Protein chains: 2
Amino acid sequence: MCSRCNYREILERAGLEATPGRLRVLEVVGGHPAPLSAADIHRTVNRTGRLDRVTVYRILDRLVREKILQELSLGGRRRLYGMAPSEHHPPHPHFRCARCGAVQCLPPGGVRVDLGGVRRVFAGEIREVEVRLEGLCANCLSRA
Amino acid sequence: MCSRCNYREILERAGLEATPGRLRVLEVVGGHPAPLSAADIHRTVNRTGRLDRVTVYRILDRLVREKILQELSLGGRRRLYGMAPSEHHPPHPHFRCARCGAVQCLPPGGVRVDLGGVRRVFAGEIREVEVRLEGLCANCLSRA
DNA sequence: TCGGCGCCTGCAACTATGTTGCATAAGGGG
DNA sequence: CCCCTTATGCAACATAGTTGCAGGCGCCGA
Ligand SMILES: [Mn+2]
Ligand SMILES: [Mn+2]
Ligand SMILES: [Zn+2]
Ligand SMILES: [Zn+2]
């Protein structure tokens with residue numbers, strides 16, 4: 001888990017009961033260096049106890065609605081989950097290897113985005129910006 | 001369809017037969033101002049003729065592999081398809097309304113991305129950058 | 001202490017989207 | 001016209017996510 005996050009407190013601040021299932025999901029997601037799929041999370045959580053697949057989906061939906069987790073669509077059919085941007089978790093871009101499909105979190109601050117041109121002409125309201133990079137990961141590069 | 005694109009020529013340059021199915025898929029995608037799902041494309045193409053659902057998927061896969069179309073994952077379960085960046089189709093960011101789910105293409109050039117910080121530390125090779133915006137569309141804003 | 005109520009969980013069935021296997025059809029080069 | 005390749009259709013299948021409903025468990029008020 002992320003050493004600076006108190007998951008119980010995060011849940012309670014959002015008005016959610018700190019159930020064992022929710023705590024374990026948060027520990028798994030917060031403790032992994034890259035975003036995970038629902039299946040990954042289900043598998044991992046079930047190494048130490050038991051939590052139904054559907055319950056995992058419902059926990060993920062809820063935590064995303066409360067902006068505790070962030071849902072990413074990075075190509076492929078599965079959605080990935082990571083900690084939502086917050087004090088301890090600055091927003092950052094993600095990278096996906098076109099060859100092996102691996103997804104990585106990139107360091108925050110490494111990408112600067114200027115929305116000026118869009119804000120001047122777009123009639124809606126922009127709330128979030130997601131940057132997704134694609135290419136070849138170090139691993140695939142070296143064995144290419 | 002896009003008035004500046006000769007789909008037959010695009011297919012032949014990629015070494016693909018210009019079959020009626022492929023031409024119709026390209027006309028539908030190229031003629032729509034926002035990216036479309038496979039189901040959208042299937043439905044539209046079948047208003048004027050007949051093309052199997054599976055054939056539509058295979059055509060889309062092929063055209064994406066040949067970089068004639070671009071596949072977008074913008075949240076939700078379905079992938080969307082638009083013309084790939086090319087001479088007549090400059091790359092541009094996409095917007096998705098968090099309320100109604102509508103997806104829009106934004107004007108090219110409105111967003112500038114500076115990857116300097118990432119390129120200095122990332123060991124892989126970055127080939128594509130995708131910017132995805134989320135918020136409320138003009139429609140949902142006005143009725144909110 | 002009891003009963004009711006809300007929230008969380010499990011389980012089965014279901015939906016939506018995409019994929020595979022295999023047979024048939026189309027079409028271009030001899 | 002024949003042969004070969006490639007495209008298409010159709011049925012079955014696979015994967016990821018969703019829904020309905022019932023049981024459990026804690027909490028609160030009577
Ligand atoms: Mn991340
Ligand atoms: Mn577009
Ligand atoms: Zn890779
Ligand atoms: Zn909207």
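**Metal sites and DNA contacts in the predicted model**

The manganese ion (ligand 2) has three protein donors, B:H92 (NE2), B:H94 (NE2) and B:C105 (SG), which lie 2.1 to 2.3 Å from the ion; donors are here N, O and S atoms within 2.8 Å of the metal (3.2 Å for Na, K and Ca), and water is not among the atoms, so sites may look incomplete. B:H94 lies in strand β4 of chain B and B:C105 in strand β5 (residues 103-105) of chain B, so the pair ties together parts that are eleven residues apart in sequence. Helices (H or I, at least four residues) and strands (E, at least two) are DSSP runs, numbered from the N terminus. Along the chain, the donors of the manganese ion (ligand 2) show the spacing H-x1-H-x10-C. B:H94 is buried, at a relative accessible area of 4%, whereas B:C105 is partly exposed, at 29%; buried means under 20% relative accessible area, exposed over 50% and partly exposed in between, with a 1.4 Å probe and protein chains only.

The structure is a predicted model, in which local features need pLDDT of at least 70 and side-chain atom pairs count only at pLDDT 80 or more, while totals for chains, interfaces and linings use all residues. Residues are numbered from 1 along each chain as its sequence is written, chains are lettered from A and ligands numbered from 1 in the order in which they are written, and side-chain values use heavy atoms, with hydrogens and water left out.

The zinc ion (ligand 4) is coordinated at 2.2 to 2.4 Å by the SG atoms of B:C97, B:C100, B:C137 and B:C140. B:C97, in strand β4 (residues 94-97) of chain B, and B:C140, in helix α6 (residues 138-142) of chain B, form a pair that links distant parts of the chain, 43 residues apart. Both B:C97 and B:C140 are buried.

Around DNA strand D there are 23 residues, of which A:Y57, A:R78, B:R22, B:D52 and B:R58 come nearest; a residue is near a strand if one of its heavy atoms lies within 4 Å of it. Bases of DNA strand D are approached by polar side-chain atoms of A:R53, 3.1 Å from a base nitrogen, and of A:R58, 3.3 Å from a base oxygen, whereas a polar backbone atom of B:D52 lies 2.8 Å from a phosphate oxygen of the strand. Six residues of α4(B) make this element the one that gives the most to the surface near DNA strand D.

Terms used
Polar contact = N/O pair within 3.5 Å; in protein donor to acceptor, adjacent residues only side chain to side chain.
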